[in-house]
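Biologist: Please take a close look at any internal cavity in this model, and tell me what lines it. Set the scene with the whole chain, then finish with a couple of side chains elsewhere.

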Amino acid sequence: MLTPLNIGITIGFAIVGFVIGFIISKLTVKKSVSSAKSDARRLLDEAKKEIELKKSKMELELERERSRQRSEFERMTQSKRGELNRLEKRLDEQRESTEHRADLIRRREHELGSLERKLQNKDRIIAEKHQNLTELIKRENEKLERIAGMTQEEAKNILMENLESEARADASQRIKQIREEAEMNAEKGAREIIIASIQRCAAETTVESTVSVVSLPSDEIKGRIIGREGRNIRAFETATGIDVIVDDTPEAVILSGYDPIRREIAKLAMEKLIMDGRIHPSRIEEVVKKAEKEIEGIFKETAEQACFELGIHNIKPELIKIFGRLKYRTSYGQNVLQHSKEVAFLSGYIASELGLNPKIAKRCGLLHDIGKAVDKGQEGTHTQLGYEVAKKFGENEIVLNAIQGHHEDVEPISPYTIIVQAADAISGARPGARRETLENYIKRLQKLEELADSFNGVQKTYAIQAGREIRVIVEPEKISDRDSDVLAAEIARKIQQEMEYPGQIKVVVIRETRAIDYAK
């Protein structure tokens with residue numbers, strides 16, 4: 001058991017221990033502080049020494065840099081001084097050269113002044129001589145006029161007429177010579193190509209018609225076609241737009257209309273109605289619609305067959321469908337689809353002979369009249385309509401130019417356009433290709449004769465061989481033999497400018513001199 005005495009002794013020892021520990025720690029701290037101060041003084045001395053060393057090094061380096069910059073500055077100064085010396089020397093040389101040139105210019109100005117004065121004197125002398133010469137010529141002309149009995153203008157006109165006559169004669173002779181040479185070199189080859197093209201163009205003679213005949217199994221069916229009070233025939237005409245003629249023709253009815261496509265639809269529908277036997281207004285409308293669809297199929301099939309025969313590919317289906325409509329189109333009685341195939345064959349052959357691409361030529365020839373398949377209600381020529389349709393479906397510029405330029409509406413951009421023009425003329429001008437009305441034929445012949453009669457010195461003109469040749473009889477007193485060649489060329493040129501015609505027209509100028517006398 002702890003007594004108060006023990007507790008006091010314990011506390012006393014604790015206090016004594018604390019005091020002793022405090023004293024010891026204080027002495028330890030003091031010693032540490034003293035040691036730290038000593039280290040700090042030592043570090044400070046070392047730092048001072050290091051700073052002094054670095055300061056010395058920096059001063060040395062600075063001195064070196066100053067020395068280097070000074071030497072560099074002196075070197076640059078010497079270089080600039082040398083350059084300035086050179087510039088001064090060059091300026092002195094230029095100054096001397098300029099002064100020398102100035103002296104030369106002053107001397108030349110003095111020389112030019114002297115020359116100008118001399119030229120002025122010469123001009124004055126020339127002017128005086130010119131005036132004297134003019135007066136002399138005038139006096140001589142007056143003498144000549146008195147001797148010749150005509151004025152200067154009259155003599156000049158006579159001289160000009162003589163020179164013009166000689167020039168025209170020489171020109172006609174030269175034209176004749178050039179033409180003969182060109183014909184000798186080119187006619188043979190051109191004739192061979194054209195003849196071969198025409199020989200390859202084997203097609204039937206055309207016949208234009210505006211009616212179609214539908215055969216009947218018997219005349220009894222005519223009444224069913226007419227219907228009660230004519231209602232069936234009226235419904236058929238309304239649905240097709242084609243006139244139905246039921247007359248005394250045995251076992252046949254006639255369909256009349258100017259639109260060949262609608263006439264073909266009507267014929268197909270009529271044949272279906274006759275075969276089916278059920279003829280009434282509602283059935284007529286149904287059959288006509290079916291016939292229209294069948295015709296669309298015929299368009300496509302016909303066009304594809306034509307492309308296959310010609311070896312032409314990659315034509316858009318929409319364009320194929322439009323092209324097939326040409327099967328039922330005619331121009332001057334000539335079937336346009338058949339005509340287009342002929343032009344394509346001929347174009348390909350001519351292109352091969354000329355060393356060009358026959359496939360491009362065939363494509364141009366096949367599509368050249370595509371505008372005739374476009375609805376007639378649209379405005380524009382068939383060349384412009386065809387150009388727009390072909391361009392819409394992506395045809396290239398060569399084909400588009402051939403379509404638009406095969407009647408010379410635009411300038412050709414490739415030889416294929418010229419080939420299509422030639423092939424189109426061959427196909428249209430061959431015997432039996434087209435039918436021309438008598439009225440148009442007579443007008444064309446009259447126009448030919450009128451054009452030739454409009455020239456001076458023409459006595460009489462005759463258009464012969466169906467307008468393929470024109471013979472011009474001239475007055476021998478007004479037209480010489482040399483003038484005949486010139487007259488023929490001028491008439492041919494005027495025909496080309498003012499008329500449209502297939503093929504070519506031969507111009508023959510006939511000059512005849514008759515000497516008549518009587519024996520008594």
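Modeller: Accessible areas here come from the Shrake-Rupley method with a 1.4 Å probe. On that basis the protein exposes about 36,500 Å². Carbon and sulfur atoms supply 54% of that area. Bear in mind that this is a predicted model.

Now the overall picture. The protein has 520 residues, and 28% of them count as buried. Its secondary structure consists of 14 helices and eight strands. Take the contacts between residues at least 6 apart in sequence: 61% of these join residues at least 24 apart.

Next, the part you asked for. Searching the whole structure with a threshold of 30 Å³ or more turns up one cavity. Its volume is about 30 Å³. Seven names make up the lining: Ile225, Asn232, Phe236, Met270, Leu273, Ile279 and Ile284. Two elements each give two or more residues to this lining, namely helix 4 (231–240) and helix 5 (260–276). By class, the lining has six nonpolar residues, one polar residue and no charged ones. Asn counts as polar, so Asn232 is the polar member of that lining.

Now two threonines. Start with Thr302, which sits in helix 6 (residues 281–310). Its relative accessibility is 16%, so Thr302 counts as buried; the cut-off is under 20%. The Thr302 side chain reaches back to the backbone oxygen of Ile298, at 2.7 Å. Setting aside neighbours within four places in sequence, Thr302 is in contact with Lys327 and Leu337.

The other is Thr417, in helix 12 (residues 415–429). Thr417 has 0% relative accessibility and therefore counts as buried. Its polar partner is a side chain: Thr417 and Asn401 are joined by a polar contact of 2.6 Å. Asn401 also appears among the residues that Thr417 touches, once those up to four places away in sequence are left out. The rest of that list is Ala402, Gly405, His406 and Pro412.

To put the two side by side: the Thr302 side chain goes to a backbone oxygen, that of Ile298, whereas the Thr417 side chain pairs with the side chain of Asn401. Both count as buried, Thr302 at 16% and Thr417 at 0%.

Technical notes:
Residues numbered from 1 in each chain as written. Predicted model: local features only at pLDDT ≥ 70, side-chain atom pairs only at ≥ 80, totals over all residues. Heavy atoms only, no water. 1 Å grid on protein atoms, 1.4 Å probe; cavity = no way out; pocket = protein on both sides within 12 Å on 5 of 7 lines; lining within 4 Å. Points joined across faces, edges and corners; volume = space filled by probe spheres on them. Helix = DSSP H or I, 4+ residues; strand = E, 2+ residues; numbered from the N terminus. Buried < 20%, exposed > 50% of the residue type's maximum accessible area, 1.4 Å probe, protein only. Polar contact = N/O pair within 3.5 Å; in protein donor to acceptor, adjacent residues only side chain to side chain. Contact = heavy atoms within 4.5 Å.
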